[in-house]
Amino acid sequence: MKLPIGHSVASQRPTQSSGKLADDPNDPISHACAYISLVPQALLVVYVTLLWATREAEVFLTFAGQLGCELVNYILKHLIKEERPLRKWVLSENLSEDRAVGSGYGMPSSHAQFVFYWAFSVTLFLMVRHNPSRLHRVEGIAAAASEDKDGECDNNEQRSTSSEPPSLRTIQQAYRAGGLAAASASIEAYSHGPWTLTQRVIVSVAAFTIAILVSWSRVYLSYHTPRQVVAGAVAGTGCAIAWFAVTYVLRETGMLAWALELPVARWLRIRDLVVEEDVCQPGWEVWESRRRVTMQKERERERNKKKGE
């Protein structure tokens, strides 16, 4: 089969032109790989979104480590200076040449280094650092339902709490003990409680699966050799472990706490909560407190209205 001018002999795999990925329409795998290769760009969007939405110190630290990992990759590439794999390109009917698919040096793969740093950082956070110090209590649901039913309210309101971690078994126990209202409170506690070890392992495995797919896509698209991708994965893992150790020292020595007291940190509303609790929990507790006050005032208004009648 005669190849069009400018197409690679090697399965007509994707090329890079003006910063855009182009894939072979006759190869659905290369088409999928072109999108998989965009995962690092998607993760950058996630980083920026989390930085703006949560203002969490842990997110800032992880992103700083990610930028440092990219700097390490740039330095390694210019120290090693290993070219990307060459492929034969048909320039005309009787002329061809060997040319790399991508631009710049190929050792180590920046994509592989990026995603393996991210995957290992997520795993280290979930399996080592993230340690909620308390169970998330869900208050007011069963109490509010009971108060609405009885038409009574006092300062010692009932609260739906559990002495054990929320689970499917506690939901059943709550339903038997307090009916639908208690079961609703237990379901809420279960859905917003700290992740179990199994859940953390599943998320960590998913992160590494994504990292492996991205790395494999770079080889399939002919941007890197397997050796360059493995080197990138090792470099990314090493950066994640090293940066985790640095952040551990920052926390243990009190340097992070000191930094959070700086005016710029307070201006930006940077906080350090995610290590010990769910990000959404503090805001939810404020909302729940306001909701309970509103319900209390409404019941008092109704009770006074009945007394006046």
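These are my notes on the cores, the annotated segments and helix H7 of a predicted model.

**Entry 1, main core.** I looked up the largest nonpolar core, which holds 19 residues. Val115, Tyr117 and Trp118 touch the most other members. I then listed the helices that supply at least two residues each: H2 (39–54), H3 (57–80), H4 (110–129), H7 (197–220) and H8 (226–252). H4 gives the most, 6 residues.

**Entry 2, Trp118.** I checked the contacts of tryptophan 118, leaving out residues up to four places away in sequence. Trp118 touches Leu43, Tyr47, Gln66, Ala207 and Ile210.

**Entry 3, second core.** Apart from the largest core I found another one, of 6 residues. Its members include Ala57, Leu256, Ala265 and Ile270.

**Entry 4, record against model.** In an unreviewed entry, UniProt places "transmembrane region" at residues 29–52, 111–128, 201–223 and 229–250. I looked at two of these segments in the model. Residues 111–128 are 100% helix and 0% strand, with end C-alpha atoms 25 Å apart. Residues 229–250 are also 100% helix and 0% strand, and there the end C-alpha atoms lie 31 Å apart.

**Entry 5, H7.** I compared the span of H7 with expectation: at 1.5 Å a residue, its 24 residues should cover 34 Å, and the end C-alpha atoms are 34 Å apart, so the two agree. The buried residues of H7 are Arg200, Ser204, Ala207, Ala211, Val214, Ser215, Ser217, Arg218 and Tyr220. I asked what covers them; the answer includes helix H1 (28–36), H2, H4 and H8. Just after H7, I noted that serine 222 takes a positive phi of about 70 degrees.

Terms used:
Residues are numbered from 1 along each chain as its sequence is written. This is a predicted model: local features need pLDDT of at least 70, side-chain atom pairs count only at pLDDT 80 or more; totals for chains, interfaces and linings use all residues. Side-chain values use heavy atoms; hydrogens and water are left out. A nonpolar core is a set of buried Ala, Val, Leu, Ile, Met, Phe, Trp, Tyr and Cys residues joined through side-chain atoms within 4.5 Å. Buried means under 20% relative accessible area, exposed over 50%, partly exposed in between (1.4 Å probe, protein chains only). Helices (H or I, at least four residues) and strands (E, at least two) are DSSP runs, numbered from the N terminus. Contact means heavy atoms within 4.5 Å. UniProt positions are given in the numbering used here, feature names are shortened, and annotations may be inferred rather than shown by experiment. The expected span of a helix is 1.5 Å times one less than its number of residues.
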